[in-house]
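Student: Got a minute to go through this one with me? I'd like to start with the empty space inside.
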Amino acid sequence: MIERIDHVVVPVPDLEEAAASYARLGLNLTSPTRHTGLGTENRVFFVGASAKQSFYLELLGIHSRSEAFAAGRSHYVETLDRGGGIARLMLGVKGIASEVDRLQQRGVRTAIEEVWTGERKICDVAPLEGIAEMAVTAGLVQYVDRDRDAYERRKSGGRFEHTFPLKRVDHLAAIAPELEASCRFWSENLGVPVHGEVRGPGVIIRQLKIGDAILELLGPDGPDSRLASRPPGLASMVAWEVDGLDATVALARERGFTPNDPTAGILPGARVATIPAGELAGVGMQLLEYV
C-alpha cells in the first residue's frame, strides 16, 4: 500500500529563520504557503531525479497555536514545545480512502483530512499516531495532482535546482525498542516487510525499503544496549546520498557549516559526514557516499 517516503515535517519556531539556514547551504525553498484553517504555514525543498525518487523536507511554522490545536495539529505544537526536530513521516499512497478503510478494519484508528491553501485543495492525509508498535508518528498522503504531473511541474519551476549537491534521500531512522513488534506492524498492517539487516555495537538495524528509500528501525541487541531504555520515535536526522563526499563537506564548510570529517559508516560500503542538527533547524543532515 505504501509507494514511497513522501516527506518529513519539521515544526520550527521561526519559519523564515529556519528557511534561511537551508538557503545559505544552497537549497532552493518554496515561498511561504499558509494552510487554510490549520494554523500552519510551510516552506519546503525538493530533492530527487525522478517522480519515484522525489522527496521533500517541510519546515512548518505555527502562526496560530489555537487554530492548530482546534484543527487537530497539536502534535506539531507539542513537538515544537519539546525542542523541535522531525515530527512526522509522511508516506505516499494511491487510493487513500480504501487504505484507511482497510487499516480501520484492522483496528488502526485514523481518518482522512483535507489540506487546502486558499481555494485550492492540495491533498488528503490520514494521521497515524499514538501507535506504539509503529515506533514513529506518521501519516498517509495522497495528492490531488498525479505524481508525475507534480514532479514535472516542480521540475519546470526550478524546484530541484540547488547549488548544494544532494542526490536523493537515502534513509531515515527510528528508535524501535520493541523491534520485533515494530517489524510485524509494518509488514502486516502497511505491507512493508523487512528488506535487510545490519548489526552494530549494541544495535540491530532492520531496513524497510519504501519506494527508493529506506526506513531504518533501530532496536537493542540485548538488555544492556543503550537503546533498550530509549523511547520509540523518529531520529531527527535525514541521510542524503551525494556524489563526492569530500567536496560536499568542503562546500558546506565554505558556507559556514561544521560537518565532521568523513568516516566509514555503519552501512557496508558507505562513507558519511554529518552537519549538526543545531545548524539546520533541529535536523541533522547526514551526507552519505557509497564507495
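Student: What volume does the second largest cavity have?
Tutor: About 70 Å³. Keep in mind that this is a predicted model.
Student: Which residues line the second largest cavity?
Tutor: Arg-4, Ile-5, Lys-52, Gln-53, Ser-54, Phe-55, Arg-168, Val-169, Ile-210, Asp-212 and Ala-213. β1 and β9 (166-175) each give at least two residues to that lining.
Student: And by class, how many are nonpolar, polar and charged?
Tutor: The lining of the second largest cavity has 5 nonpolar, 2 polar and 4 charged residues.
Student: How many cavities of 30 Å³ or more are there in the whole structure?
Tutor: The search finds 3. The largest has a volume of about 120 Å³. Its lining has 13 residues, and Arg-4, Asp-6, Ser-54, Asp-147 and Arg-154 are the closest to its centre.
Student: Which elements give two or more residues to the lining of the largest cavity?
Tutor: β1 (4-12), β4 (55-62) and α5 (147-156). The largest share is from α5, with 4 residues.
Student: What's the class split for the largest cavity's lining?
Tutor: There, 7 residues are nonpolar, 1 is polar and 5 are charged.
Student: Switching topic. Thr-40: buried or exposed?
Tutor: Thr-40 is buried, because its relative accessibility is 0% and the cut-off for buried is under 20%.
Student: Where does Thr-40 sit?
Tutor: In strand β3, which covers residues 40-47.
Student: What does the Thr-40 side chain make polar contacts with?
Tutor: One polar contact, at 2.8 Å, is with the side chain of His-35. Another, at 2.9 Å, is with the side chain of Arg-73.
Student: Which residues does Thr-40 touch, leaving out those up to four places away in sequence?
Tutor: Thr-33, Arg-34, His-35, Leu-60, Gly-61, Ile-62, His-63 and Arg-73. So both polar partners, His-35 and Arg-73, are on that list, where a contact means heavy atoms within 4.5 Å.
Student: Now the largest nonpolar core. Which members touch the most other members?
Tutor: Tyr-22, Leu-59, Leu-89, Leu-166, Trp-186, Val-238 and Met-285, out of 66 residues in that core.
Student: Take Leu-166. What does Leu-166 touch, again leaving out residues up to four places away?
Tutor: Leu-27, Phe-45, Val-47, Trp-240, Glu-241, Val-242, Met-285 and Leu-287. Met-285 is itself one of the core members with the most such neighbours.
Student: What lies apart from the largest core?
Tutor: Another core, of 20 residues. Its members include Val-44, Leu-60, Val-141 and Tyr-143. Leu-60 came up before: Thr-40 touches Leu-60.

Methods
Residues numbered from 1 in each chain as written. Predicted model: local features only at pLDDT ≥ 70, side-chain atom pairs only at ≥ 80, totals over all residues. Heavy atoms only, no water. Core = buried A, V, L, I, M, F, W, Y, C linked by side-chain atoms within 4.5 Å. Buried < 20%, exposed > 50% of the residue type's maximum accessible area, 1.4 Å probe, protein only. Polar contact = N/O pair within 3.5 Å; in protein donor to acceptor, adjacent residues only side chain to side chain. 1 Å grid on protein atoms, 1.4 Å probe; cavity = no way out; pocket = protein on both sides within 12 Å on 5 of 7 lines; lining within 4 Å. Points joined across faces, edges and corners; volume = space filled by probe spheres on them. Nonpolar A, V, L, I, M, F, W, Y, C, P; charged D, E, K, R; others polar.
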